[in-house]
Amino acid sequence: MLNPFFWIKRASHRRWFYLLILVVVALALGVGLPHTSSAFDLCGLLDGDAGIEIIQLITISDQQEVELGKCLNQQEVAQGLEIYSGRKITEYVQDIGKRLIPYSDRPNFPYTFQVVRNNDINAFALVGGFVYVHTGLLKGVENEAELAAVIAHEIAHITSKHSIEKLRQIIKDKNLEVNSEVEYGTIINLLEDIAFSLPRGRQQEYEADRKGLEMLHGAGYAPSGMTGFLEKLTKGNTPAMLRTHPEPAKRLDTLNEIINKKGWDPNDGDGLDSDAYKQRIQSLAIE
């Protein structure tokens with residue numbers, strides 16, 4: 001793999017100043033920045049020569065994180081990520097996400113829930129609040145509680161800023177100076193690798209499980225939704241998800257310990273009716 005920091009260079013503050021003026025003027029005049037494609041135009045403007053200073057990545061704001069997420073989402077779709085267009089299924093996933101968000105660590109952060117046409121049993125999250133659920137996952141879970149558990153887990157990765165944390169670790173390992181600069185496209189590609197190629201760290205997975213479980217319970221779902229799905233992962237029938245979500249058996253033990261310590265009834269809550277769930281996803285075409 002090529003060194004992702006091959007294009008690192010000293011920051012040019014004057015270039016960033018001109019770039020900022022260009023963005024402000026474009027936004028003020030509405031030139032080339034219609035609402036439906038503002039992320040595209042902004043990504044195109046920042047692509048190529050422009051870069052991001054290391055200090056900006058270390059102190060990244062919510063707004064900057066969202067912009068990175070928009071650009072990464074745009075890149076994934078352009079590269080062939082097929083977003084499922086069925087309205088009922090998409091709205092169903094969005095409704096579950098909206099039910100969970102108030103019980104997350106970042107309830108006021110903007111989230112985007114999308115369904116991906118892919119038969120792998122998988123889900124993933126990108127920076128900036130983007131959560132993706134495969135059609136294969138929708139077909140593979142037993143009930144709504146299990147689906148909500150997976151979505152809660154992915155939300156927790158976002159609220160904990162795990163991708164940003166991993167990016168910072170890469171930067172730290174490279175011993176880069178804080179006033180050096182990384183090409184914008186390089187950052188997007190690194191975040192893509194973090195999302196799809198690099199397995200999550202053990203502590204990140206445990207943290208996402210714990211926070212996801214608390215979200216699940218807070219939203220009124222049965223905690224067994226999360227443990228039930230992890231039991232599926234321990235059987236090794238979901239290789240796509242195991243690539244980025246390791247050690248399911250140990251994580252399952254930890255979750256059961258948490259449930260016992262809190263005195264929760266694993267089956268007390270919504271989402272365990274398998275027949276009702278099958279009715280909700282019946283519009284999903286069998287592929």
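Start with the empty space: a search of the whole structure turns up four cavities of 30 Å³ or more. A cavity here is a set of points, on a 1 Å grid over the protein atoms alone, where a 1.4 Å probe fits but cannot get out; lining residues have an atom within 4 Å of a point. Grid points are joined across faces, edges and corners, and a volume is the space filled by probe spheres set on the points. Rolling a probe the size of a water molecule over the atoms shows where empty space is left.

A word on the model before you click further. This is a predicted model, in which local features need pLDDT of at least 70 and side-chain atom pairs count only at pLDDT 80 or more, while totals for chains, interfaces and linings use all residues. Residues are numbered from 1 along each chain as its sequence is written, and side-chain values use heavy atoms, with hydrogens and water left out.

**Stop 1: the second largest cavity**

Select Leu 126, Val 127, His 157, Ile 158 and Ser 163. The second largest cavity has a volume of about 60 Å³, and of the 11 residues that line this cavity, Leu 126, Val 127, His 157, Ile 158 and Ser 163 are the closest to its centre. Which elements each supply at least two residues of the lining? They are β4 (123–126), α7 (144–159) and α8 (162–173), and α8 gives the most, with three residues. Helices (H or I, at least four residues) and strands (E, at least two) are DSSP runs, numbered from the N terminus.

Colour the lining by class and you will find five nonpolar, three polar and three charged residues. In this scheme Ala, Val, Leu, Ile, Met, Phe, Trp, Tyr, Cys and Pro count as nonpolar, Asp, Glu, Lys and Arg as charged, and the others, Gly among them, as polar.

**Stop 2: from Ser 163 to Ala 195**

Keep Ser 163 selected and add Ala 195, in helix α9 (residues 184–196). Their C-alpha atoms are 7.3 Å apart in space, with the two positions 32 residues apart in sequence numbering. Ala 195 has a relative accessible area of 8%, so it is buried. Buried means under 20% relative accessible area, exposed over 50%, and partly exposed in between (1.4 Å probe, protein chains only).

**Stop 3: the loops around α8**

Now pick Lys 161, in the loop between α7 and α8. Lys 161 is not a glycine, yet has a positive phi of about 55°. Is Lys 161 buried or partly exposed? At 23% relative accessibility, Lys 161 counts as partly exposed.

Lys 161 leads you to Ile 60, as the two are in contact; Ile 60 lies in the loop between α3 (54–58) and α4 (62–78). Leaving aside neighbours within four places in sequence, Ile 60 also contacts Glu 65, Leu 68, Ile 164 and Arg 168, where contact means heavy atoms within 4.5 Å. Draw a distance from Ile 60 to Ile 164: the C-alpha atoms are separated by 8.6 Å, although the residues are 104 apart along the chain. Ile 60 is buried, with a relative accessible area of 8%.

**Stop 4: the strands**

Select β4 and look at both faces: Ala 123 and Ala 125 on one side and Phe 124 and Leu 126 on the other are all buried. In a regular strand the side chains alternate between the two faces of the sheet. Next comes β5 (residues 130–134), where five of five residues are buried. Phe 130, Tyr 132 and His 134 point one way from β5, and Val 131 and Val 133 the other way.

Two strands pair if DSSP finds at least two bridges between them. β4 and β5 are antiparallel over four bridges, with Ala 123 opposite Val 133. They form a hairpin with three residues between them, and Gly 128 in the turn has a positive phi of about 85°. On β3 (residues 112–116), five bridges lead to β5, and these strands run parallel. Val 131 in β5 is the bridge partner of Phe 113 and of Ala 125.

**Stop 5: the cores**

Finish with the largest nonpolar core, of 47 residues, in which Leu 100, Leu 138, Leu 147, Ile 151 and Ile 155 touch the most other members. α7 gives the most to this core, with 10 residues. A nonpolar core is a set of buried Ala, Val, Leu, Ile, Met, Phe, Trp, Tyr and Cys residues joined through side-chain atoms within 4.5 Å. A second, separate core of 21 residues includes Ile 60, Val 127, Ile 164 and Leu 190.

Key
1 Å grid on protein atoms, 1.4 Å probe; cavity = no way out; pocket = protein on both sides within 12 Å on 5 of 7 lines; lining within 4 Å.
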